[in-house]
Amino acid sequence: MSKILVSYFSASGVTKKVAQKLARVAGADLFEIVPKDIYTPADLDWTNSRSRSSLEMKDKNCRPAISNKIANLKDYDTIFVGFPIWWYREPSIIDTFMEMYDFSNKRIIPFATSGSSGMGQSAYNLQALAKEAKVANGKRLSSSTSEEELKEWIKGIL
């Protein structure tokens, strides 16, 4: 059986709750992607075009620093990558994460939390950043996604 990692970035706690539930259901290890500079509520104000998150998402080359690392990525065959949807795509910090590691021969399964927005081009973007990995289309999950729904999803993709 392959070893599974659920990695995630959560700005408000929603993605964290879903990631914890997913790791429990999948029997996976859990890794939180922690920004070097934690996002404040003002940073996350998407209605302010000068907020940190707005500026990061306008710059496709932005790579916010991450304060922690996975010591043993080589031990995992399947890596779930979770994030909130920002501007119809993954946050720039996920791009940083994808560029930090060699995902060759790994299976990457993105999942995102959003009230209504879909995954957009997230899977395509992750594949472009991890060319030697096999990136699945992924799934948008809500904060109310049940363990039973996660079990069904996992059964269909693993």
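Let's start at a single pairing: Ala112 has Arg140, in strand E6, as its bridge partner. This is a predicted model, and that one pair is a handy way into its sheet. Strand E6 covers residues 139-141, and its pairing with E4 is parallel, over 3 bridges.

E4 itself spans residues 107-113, and 6 of its 7 residues are buried. So what else does E4 pair with? Strand E5, residues 134-135, runs parallel to E4 and is joined to it by 2 bridges. Look there for Arg107, whose bridge partner in E5 is Lys134. Then there is strand E3, residues 78-84, which also runs parallel to E4, this time with 7 bridges between them. In that pairing you'll find Ile79 opposite Ile108 of E4.

Now follow the chain from E3 to E4. The path takes in helix H3, residues 92-100, and the three elements together form a right-handed β-α-β unit. The loops on either side of H3 each hold a residue worth a look. In the loop between E3 and H3 sits Trp87, which has a positive phi of about 50° without being a glycine. Trp87 is partly exposed, at 37% relative accessibility. In the loop between H3 and E4 you come to Asn105, another non-glycine residue with positive phi, near 65°. With a relative accessible area of 74%, Asn105 counts as exposed.

From the loops, let's go to a covered spot. Leu126 belongs to helix H4, residues 122-129, and its relative accessible area is 0%, so it counts as buried. What does Leu126 touch, beyond its neighbours within four places in sequence? The contacts are Phe83, Glu90, Ile94, Met98, Ile108, Pro110 and Val135. Ile108 is the residue we met opposite Ile79. As for Ile94, it is 32 residues from Leu126 along the chain, with 8.5 Å between their C-alpha atoms.

Helix H1 gives us another buried residue to visit, Thr15, which has 2% relative accessibility. Thr15 and Ala112, where we began, are 97 residues apart in sequence, yet their C-alpha atoms are 7.3 Å apart. Leaving out residues up to four places away in sequence, Thr15 touches Tyr8, Phe9, Ser10, Gly82, Phe83, Pro84, Phe111 and Thr113. With Thr113 there is also a side-chain polar contact, at 2.5 Å.

Stay in H1, which runs over residues 14-26, and you reach Lys21. Here is a puzzle: Lys21 is buried but has no salt bridge. Where is the nearest side chain of opposite charge? That is Glu147, 6.4 Å away, and the cut-off for a salt bridge is 4 Å. Glu147 is still among the residues that Lys21 touches, along with Ser143, Thr145, Ser146 and Leu150.

Side chains of opposite charge can pair when their charged atoms come close. Across the whole structure, a search turns up 10 salt bridges. Try Arg52 for a start: this residue has a salt bridge with Asp43, with the closest N and O atoms 3.5 Å apart. Asp43 counts as buried because its relative accessibility is 16%. Arg52 also forms a salt bridge with Glu56, where the closest N and O atoms are 3.0 Å apart. Those two sit 4 residues apart in helix H2, so about one helical turn separates them. Glu56 is buried too, at 8% relative accessible area.

The loop between strand E2 and helix H2 holds Thr47. Buried or exposed? At 57% relative accessibility, Thr47 is exposed. A polar contact of 2.4 Å links its side chain to that of Asp45. For a sense of distance, Thr47 is 33 residues from Phe80 in sequence and 29 Å from it in space, C-alpha to C-alpha.

Our last helix is H5, residues 147-157, where Glu152 and Lys155 lie 3 residues apart, about one turn. Their side chains meet in a salt bridge of 3.5 Å, N to O. Glu152 is partly exposed, at 45% relative accessible area, whereas Lys155 is exposed, at 60%. Elsewhere, salt bridges with shared partners link Arg63, Arg89, Glu90, Asp95 and Glu99 into one network. Glu90 brings us back to H4, as one of the residues in contact with Leu126.

Notes: Residues numbered from 1 in each chain as written. Predicted model: local features only at pLDDT ≥ 70, side-chain atom pairs only at ≥ 80, totals over all residues. Heavy atoms only, no water. Buried < 20%, exposed > 50% of the residue type's maximum accessible area, 1.4 Å probe, protein only. Pairing = 2+ DSSP bridges. Right-handed = clockwise from strand over helix to strand, strands pointing away. Lys, Arg positive; Asp, Glu negative; His and termini not counted. Contact = heavy atoms within 4.5 Å. Polar contact = N/O pair within 3.5 Å; in protein donor to acceptor, adjacent residues only side chain to side chain.
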